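Please open the structure in your viewer and keep the sequence visible beside it. The tour proceeds from the whole chain to selected side chains.

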Amino acid sequence: LTSLPVTEVRNTQLAPHGAVTGAQALAVRIRAGGRPMWVVSTHVQPTDTRTDGTIAQARQITRFASGLTRDGAGVVLAGDFNFLPGSLSFQTVLDGGFDDALAPHRPVPTYSASNPTEEIDHVFVTPDLKILSSGVWKSEASDHLPVHVTVKVGK
């Protein structure tokens with residue numbers, strides 16, 4: 001979903017921790033503004049309680065995404081996280097060095113698309129990326145509403 005050249009692809013499996021299916025994170029490296037940047041897409045599986053997601057998965061994906069910054073690359077981490085703002089899982093990602101790119105517009109309910117009441121889709125960015133705009137679009141293409149973020153490389 002980019003016109004920029006993809007220079008590298010990485011992925012990691014996330015342990016299911018009791019969820020029905022496993023999950024993973026897919027990362028693509030691009031060059032933006034003359035420097036490398038990673039975009040990571042994920043789908044974290046909820047626990048059977050469906051209230052907080054999996055803290056262990058949040059830790060695992062945060063370690064994976066943080067490791068991509070070793071050469072100074074910025075990271076955008078986005079997807080269906082199946083956990084709410086303020087939850088321990090959400091805080092785990094923030095504590096891992098990421099900012100909430102949707103913070104200026106919260107609440108941002110994205111699920112279900114027909115009657116959005118839950119904030120379970122998120123975009124996190126490394127602090128070196130400046131958020132120019134963010135929000136949610138109306139769509140019937142999925143059971144989740146799409147979120148969008150425009151970032152500037154460097155502040």
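Begin with the cartoon view of this predicted model: the chain has two helices and eight strands. Followed from the N terminus, the elements run β-β-β-α-β-α-β-β-β-β.

Next, select the whole chain and display its surface. About 7800 Å² is exposed, and carbon and sulfur atoms supply 55% of this area. Of the 155 residues in the chain, 44% are buried. Contacts may be displayed as well: among those between residues at least 6 apart in sequence, 61% join residues at least 24 apart.

**First stop: a surface patch**

Select Val6, Val9 and Leu26. Together these residues make a nonpolar surface patch of about 250 Å². Now select Val6 alone, which lies in strand 1, residues 6–14. Is Val6 buried or partly exposed? Its relative accessible area is 42%, so Val6 counts as partly exposed; the class lies between the limits of 20% for buried and 50% for exposed.

**Second stop: aromatic rings**

Leave the patch and show the aromatic side chains. A pair of aromatic rings is described by two values, the distance of the centres and the angle of the planes. Three aromatic pairs are counted in this model.

Select Phe81 and Phe83. These two rings form a tilted pair, with 5.3 Å from centre to centre and 55° between the planes. The angle falls between 30 and 60 degrees, and therefore the pair is neither stacked nor edge-to-face. Phe81 has a relative accessible area of 0% and is therefore buried. Phe83 is likewise buried, with a relative accessible area of 0%.

Keep Phe81 selected and add Phe124. How are the planes of Phe81 and Phe124 arranged? They stand at 90°, with the ring centres 5.3 Å apart, so this pair is edge-to-face. Trace the backbone from one ring to the other: Phe81 is in the loop between strand 4 (74–80) and helix 2 (88–95), while Phe124 is in strand 6 (residues 121–125). The two residues are 43 residues apart, and the pair thus links distant parts of the chain. Both Phe81 and Phe124 are buried.

**Last stop: the cluster**

Finally, add Phe83 and Phe90 to the selection. Which residues now form one aromatic cluster? The members are Phe81, Phe83, Phe90 and Phe124. To end the tour, show these four side chains together with the cartoon, and locate strand 6, where Phe124 lies.

Methods
Residues numbered from 1 in each chain as written. Predicted model: local features only at pLDDT ≥ 70, side-chain atom pairs only at ≥ 80, totals over all residues. Heavy atoms only, no water. Patch = residues over 30% accessible without salt bridge, like charges linked within 9 Å, V, L, I, M, F, W, Y side chains within 5 Å. Areas by Shrake-Rupley, 256 points an atom, 1.4 Å probe, with all protein chains shown as cover. Salt bridge = Lys/Arg side-chain N within 4 Å of Asp/Glu carboxyl O. Helix = DSSP H or I, 4+ residues; strand = E, 2+ residues; numbered from the N terminus. Buried < 20%, exposed > 50% of the residue type's maximum accessible area, 1.4 Å probe, protein only. Phe/Tyr/Trp six-rings, centres within 6.5 Å; stacked < 30°, edge-to-face > 60°. Contact = heavy atoms within 4.5 Å.
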